[in-house]
Structure formats: structure tokens, C-alpha cells
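User: Please take a close look at the site where the ligand is held, and set it beside the local backbone and ring geometry that deserve a careful check before this model is used.

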Amino acid sequence: MDNKRIYLAPMVGRTDEHYRAFVRILSKNIYLYTEMITCDSFLHTNRKDYVVKEGEKNLTIQLAGSDPKKYGQCASIIEDQGYDEINLNIGCPSSKVVRGEFGACLMNNPDKVAECVYEIKQSCDLPISIKTRLGLGYEENLDLLFTLINKTKVFGCSKYIIHARNAILNGLSPKKNRKIPLLRYADVTTVKDSFPGLEFYLNGGVEDISEIRKNINKFDGLMIGRRIYDNPMFLNQIEKEIYNNNETLSRQGILKKYLKYALSFQNKNTSNYLLLRHLFSLYYNTSSSKKWKKFLHDIIQSDKDIELITNFEESTYDEEIKAYR
Ligand SMILES: Cc1cc2nc3c(=O)[nH]c(=O)nc-3n(C[C@H](O)[C@H](O)[C@H](O)COP(=O)(O)O)c2cc1C
């Protein structure tokens, strides 16, 4: 399993620097992504905000846009910022993204995507990957995806992350587009088998260790999003059961380490909300879950001393009994 990678999926509003720091405490083996950023935003934001922090290794930046030249401009900046890879978002179905003519709708314009890859390749030496879907609409053939791969591999993209369902661009919200239409893992296998020299990663609906075991060896690796966000301790399980890492931390140990990280932001005007909002699910599916959420909520609401997070006492048996009365 050593050469098989598991990526944390890029998630807007979630995979920010604080969440990535939290994830890195839970897992030393997982590969990380930024949130999607459009080329326009990247070119206009403070570049310092996008410099990779010390210790943030194995980090891919995900770009979105439809202007090949702008991809090139971004790439030449990104090269010096410490990222390991540049990923193009050719899978987002949101109406805003469609209006901007980027994301999944670019599956209909593979020549444009190929030009974007070309411009990135001209501007930097970082590896390039594409995250995309099996196709568009309800048609279950792979023609669009095959064309996209054939056109982009020529210019140096050798790695594809496939969300194993089509994108529906009219009428379905991004949320529904992560459940509908059905997943088709077998079709991702077909694609992988058709391009032996390229890397393929399966994404979509991977929920437990048995699913990881069942699929990881069929591909170069997997990408997982919601299951990890909804249950961070799933990362602990991945470390132990997939990567044979026996040095994982308890929840209290994780909080202690995260506090150390959070304290380094104390003088930087970063709110407790931004620092703590990704920790709500730490006690997911345990008897302490409700108590933890309330405890964390209080610290955020009152902007109390952030050091309090390590004072949390997990539910006792007596408390559990009381809760059922
Ligand atoms: C809140 C949220 C935000 C997302 N933002 C992005 C994004 O910025 N870029 C992207 O390529 N996919 C994005 N996705 C899709 C995920 O990367 C992933 O493809 C999808 O959730 C399916 O994987 P999963 O079933 O393991 O969650 C987002 C998903 C969620 C839930």
C-alpha cells in the first residue's frame, strides 16, 4: 500500500489552512488540497496568503478558470510558493461556475483545457493534474472524458482524479450533484485500463476502510472528502489500518497539539471561529458528541480563551444515563 496515495478532497469553505493543520495532526500520510481558487482571485489576492507554511508538505493547489494565459500567470507564481502540484478543477457543477465558463462545463471544451495545461507547463515545472467527472448530463458514455484525457495528456497532464459520476449542469445544486447521478466505479476502472501510462485516482462516496481496501489497488490511489470532514477520526483509522501507523493520537492528544498550532495565531487577529470551526465533528458518533459541540460553541460565541479546548471532559457513564432519563 506504500505507493498508494489517499488525498483529502478539495472543499470550498473547508480545506483552508486551519483545517489542513488539523488534518495533518491526525494523519501524516494523507495528501492535501487547498480549496478551489479562481485564477482571477489568485492573481488579485495577497500572494503571501498563499505561501505554503512550514510543515505543510504534500499540498496541491486547485485552480479554476477558463483563460489559459491566466493559468500560466498563476503557475509562474505558484512555482515559488512551495506547492507540490497544480490541479485544474474541471468538475465543479455550480451555476456560478458554469456562468464563469469553468469547472465541469469545460468538459465540453477539451481544446481550451489542453491550452490551459500547455500554459501551465510553459510557466512552471510542477506536476499538473485534472479533477473531473465521468461525463455531463444523464448520458452514460465516456466520450467526453476520453477526449479530455487524450487532448490534455499530450501537453503534459499525466494524472486524473475522477469523481465517479456525471455532472448535471442544469437544475441540480452542487450538493445534489454529489449524490445524483449514481456512482459508476466500474467506468473509472475502464478509463484507467484504457490509459496505462497515466495515473488515475477514484473519488466519490468512499465511506469506510473496507471500501478503501476494495478499491485502492485498482487505482493509483483514492480521494475522500465528506467522510473525513464529517468524522475526522476516520483519518486515525486510515493511518492505523491502511498505513500501519501505530502512533496515532487520542482526541485529547489531538486537541493539545491543535491548541499549540492555534496559539501561534493569537497575535494575528484570527477569530476563535476561524480557528475552531472545523473541530465540531471530533467526537462524531460518540456519547460526548453533543457535549463537545456545545462546549466548543460556547468558546467560539464568547470568544473565550482558546486554551479552554484542552479542558474538555469526555462524557462519563453517569452523564450518559442522565441523558436518557
Ligand atoms: C463543501 C464541499 C465543497 C467542495 N468544494 C470543492 C472544490 O473546491 N473543488 C472540487 O474540485 N470539488 C469540491 N467538492 C467536491 C469534492 O472534492 C468531492 O469531489 C466530492 O465531495 C465527492 O467526494 P466524497 O464523496 O468523498 O465527498 C466539494 C465538496 C463539498 C462537500
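Analyst: Tyr 19 and Phe 22 are three residues apart in helix 1 (residues 17-26), and therefore about one helical turn separates them; helices here are DSSP runs of H or I with at least four residues, and strands are runs of E with at least two. The model is predicted, so local features need pLDDT of at least 70 and side-chain atom pairs pLDDT 80 or more, while totals use all residues. Numbering starts from 1 along each chain, and side-chain values use heavy atoms without hydrogens or water.

A search of the whole structure finds 18 aromatic pairs, with ring centres within 6.5 Å. In the pair formed by Tyr 19 and Phe 22, the ring centres are 6.3 Å apart and the planes meet at 50°, so this pair is tilted, neither stacked (under 30 degrees) nor edge-to-face (over 60).

Turning to the ligand, 17 residues surround it, and those that come nearest are Gln 62, Asn 203, Gly 205, Gly 225 and Arg 226, a heavy atom within 4 Å being the criterion. Gln 62 also places a polar side-chain atom 2.7 Å from a ligand nitrogen, whereas Val 12 approaches a nitrogen atom of the ligand with a polar backbone atom, at 2.9 Å. Gly 225 likewise uses a polar backbone atom, which lies 2.8 Å from an oxygen atom of the ligand. Taken alone, the ligand exposes 610 Å², and the protein buries 90% of that area, computed with a 1.4 Å probe.

Two backbone details remain. Most peptide bonds are trans, and most residues other than glycine have a negative phi. The bond from Ile 180 to Pro 181 is cis, however, with omega near -15°, and Pro 181 belongs to the loop that joins strand 6 (159-163) to helix 7 (185-194). Asn 244, although not a glycine, has a positive phi of about 50°, and Asn 244 occupies the loop between helix 10 (234-241) and helix 11 (251-263).

Note on methods
A polar contact is a pair of N or O atoms within 3.5 Å; within protein, one must be able to donate a hydrogen and the other to accept it, and residues adjacent in sequence count only if both atoms are side-chain atoms. Rings of Phe, Tyr and Trp (its six-membered ring) pair if their centres lie within 6.5 Å; planes under 30 degrees apart count as stacked, over 60 as edge-to-face and the rest as tilted.
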